[in-house]
Amino acid sequence: MNQRMLLRATGPVRANQLAMLSQTLNDSGARLLDINQQVTLGQTVLEALIVCDERPSPQVMGEATGLEISLYDIDQPTYEHWQGLHQSPKLIMTLMAAQLPTDLLAQMDRWIGEQGLVIERLQRLSGPSSLVERAPVEGVCLEYQLRGDAIDLAALRQTLLTLGAELGVDITLQEDSPWRHQRRLVCFDMDSTLIKAEVIDELARRHGVYEAVAAITERAMRGEIDFQQSFRERMAMLNGLSESVLEEVAEGLELMDGLERLMAGLKQRGYRTAILSGGFTYFARYLQKRLGFDEIHANELVIENGVVTGEVHLPIVDAERKAVLLGEIASRHGIALEQTLAVGDGANDLKMLAAAGLGVAFHAKPLVREKARMSLSILGLDAILYLLGHDARRRMQG
C-alpha cells in the first residue's frame, strides 16, 4: 500500500547528508516526491515528501545522516489540499524598513490569515544586522512567498499601502512570474528620483523667480495641471539665465540615497539603465558620466550667446513621451515590456510606470503612490534590488 509521508530532518549540517538520506530512502524502497532544505547558523532543517510501501526506519536514516529524523503520515485529504494550494497563484510580499517594529511579524501574520493567504516561505534579503535595531544603509528586508485563491491583487496592494504608512514600513506585493528574475531594462525619472532636487526650481532660485516656478512645479507633480503647459510657463521665466549657472547647479546636485549602490548592483547583474526625464539633458549627461547610465532622454535647452532663451527643442519629454521611449528602448534591444522596470515620483511618470512590466513610485506624491503598482517611501533607491529579489548579503560579497 502506497503511503505518503512527510520526513523532517534537523541537526548540525555536514557534507553528504543529502546523499546519505537519499541512499537510505532508496534502499527502503521509498520514492521522493518533493524536498526543501534550509540552513541557519550551521543548523539544517530538511523536509521531504515521500511515498513508500513500508515505513522507513528513522533510526537507520538518523545514523546515516547524523540528523534527528521524524516521519508524519499524510492522508489523502491533506495531500489533495496541498496539491490544490500549489496550483494557486504565488505572490511575493516584501517588507522593508530602517528597522522593523517589534510586533510587525505578528501583525503581518494575522493580516495574511485574514486574507485567506498562507506563507509558503519567509526569507531575509537584508544583511546580518538585527531586525529590530536600526540597520546600516541597506535597511531591513523580509520577503514572503504567499499563496491563496480568489486574490484581488489591486485591493490587497491598497490595504498594504495603508498598513505600511501606519507602521512606518514599505510593504509591496507582486505576482511571482518568470519575468521577476529576468528584468533587463530599468528606466528612471531624474528630478526628485535620482537626485534630491527639481533642477528647474534650482535654476529659478538663481534667476530670482523661484517661488513662482516652484509653485507651478508642485502643481504639475501633483497632476493638477498639464505638464507641457506648466513646462512652457516655467521655461519662459528662465529667459536670460546665464549658461554658467547650469554648471554650478550640476556640480551641487545631491544624489538620492542609495543611488550609487543601486547602480553598482544593476551593472553587476547586466541590467540596461536609462534616464527618461522631463528635466534637462545637461544634467542627465552629468549623471550619465558619473554613474554610467546606458542612455538618457530629456529636454534640450536652447542656449544662444551663453544665455538660456526659455525655449527647448521639441519634442518635450512629457508623460506620454516617457512611456513611448520606454517601449522604443525595449524594442531596440530585444527586451519584452514584461522585462522592464520604471521608477518615478510624479504624475508625469504615471504612464511610464503603467507601461513597464513593474512600475515603482519612489518617495512619490500621494496620487502616484496610490496609482503605481509598487511604492517605496522609507529606504533609499537600492531597495529596488530587493523588489527584484536580490539578496543584500550576496551584494556585499560582490
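Helices (H or I, at least four residues) and strands (E, at least two) are DSSP runs, numbered from the N terminus. With that in hand, welcome to a tour of this predicted model, in which local features need pLDDT of at least 70, side-chain atom pairs count only at pLDDT 80 or more, and totals for chains, interfaces and linings use all residues. Residues are numbered from 1 along each chain as its sequence is written, and side-chain values use heavy atoms, with hydrogens and water left out.

## The whole chain

The protein chain holds 16 helices and 16 strands. Its C-alpha atoms fill a box of roughly 90 × 45 × 40 Å along the principal axes. Of the 398 residues, 49% are buried; here buried means under 20% relative accessible area, exposed over 50%, and partly exposed in between (1.4 Å probe, protein chains only). The accessible surface comes to about 18700 Å², and carbon and sulfur atoms contribute 48% of that. These areas come from the Shrake-Rupley method with a 1.4 Å probe, and for residues only the protein chains shown count as cover.

Take the contacts (heavy atoms within 4.5 Å) between residues at least 6 apart in sequence: 67% of them join residues at least 24 apart. As for charge, the mean positions of the 40 positive and 54 negative charges are 3 Å apart. Lys and Arg count as positive and Asp and Glu as negative, while His and the chain ends are not counted. Each charge is placed at NZ of Lys, CZ of Arg, CG of Asp or CD of Glu.

## Aromatic rings

The structure holds five aromatic pairs. Rings of Phe, Tyr and Trp (its six-membered ring) pair if their centres lie within 6.5 Å; planes under 30 degrees apart count as stacked, over 60 as edge-to-face and the rest as tilted. One of the pairs is edge-to-face: F188 and F293 are 5.9 Å apart centre to centre, with 80° between the planes. F188 belongs to strand β9 (residues 185-188) and F293 to the loop between α11 (281-291) and β11 (295-299), so this pair ties together parts that are 105 residues apart in sequence. F188 is buried at 0% relative accessible area, and F293 is buried at 4%.

The pair of F280 and F283 is tilted, at 6.5 Å centre to centre and 55° between the planes. Both of these residues are buried. Ring pairs also link F227, F231, F280, Y282 and F283 into a cluster.

A ring takes part in another arrangement too: the charged end of R205 sits over the ring of Y210, 4.1 Å from its centre. For this, NZ of Lys or CZ of Arg must be within 6 Å of the ring centre and within 35 degrees of the ring normal.

## Around V312

Which residues does V312 contact, leaving aside its neighbours within four places in sequence? They are F231, M235, F280, N299, E300, L301 and V302. V312 is found in strand β13 (residues 307-312) and is buried, with a relative accessible area of 13%. From V312 to F280 the C-alpha distance is 9.1 Å, with their positions 32 residues apart in sequence.

## Backbone details

Most residues other than glycine have a negative phi, and most peptide bonds are trans. Against that background, the peptide bond from L314 to P315 is cis, with omega near 0°. P315 is found in the loop between β13 and α12 (319-332). N305 and H363 are not glycines, yet each has a positive phi.

| Residue | Phi | Loop | Relative accessibility |
|---|---|---|---|
| N305 | about 55° | between β12 (301-304) and β13 | 83%, exposed |
| H363 | near 45° | between β15 (358-362) and α14 (366-371) | 34%, partly exposed |

## Two helix residues

K267 lies in helix α10 (residues 259-268) and is partly exposed at 45% relative accessible area. Not counting residues up to four places away in sequence, K267 touches L291 and G292. The C-alpha atoms of K267 and G292 are separated by 8.7 Å, and the two residues are 25 apart along the chain.

T24 sits in helix α1 (residues 17-27) and is buried, with a relative accessible area of 13%. With residues up to four places away in sequence set aside, T24 touches M61 and A64. T24 and T193 are 169 residues apart in sequence and 57 Å apart in space, C-alpha to C-alpha.
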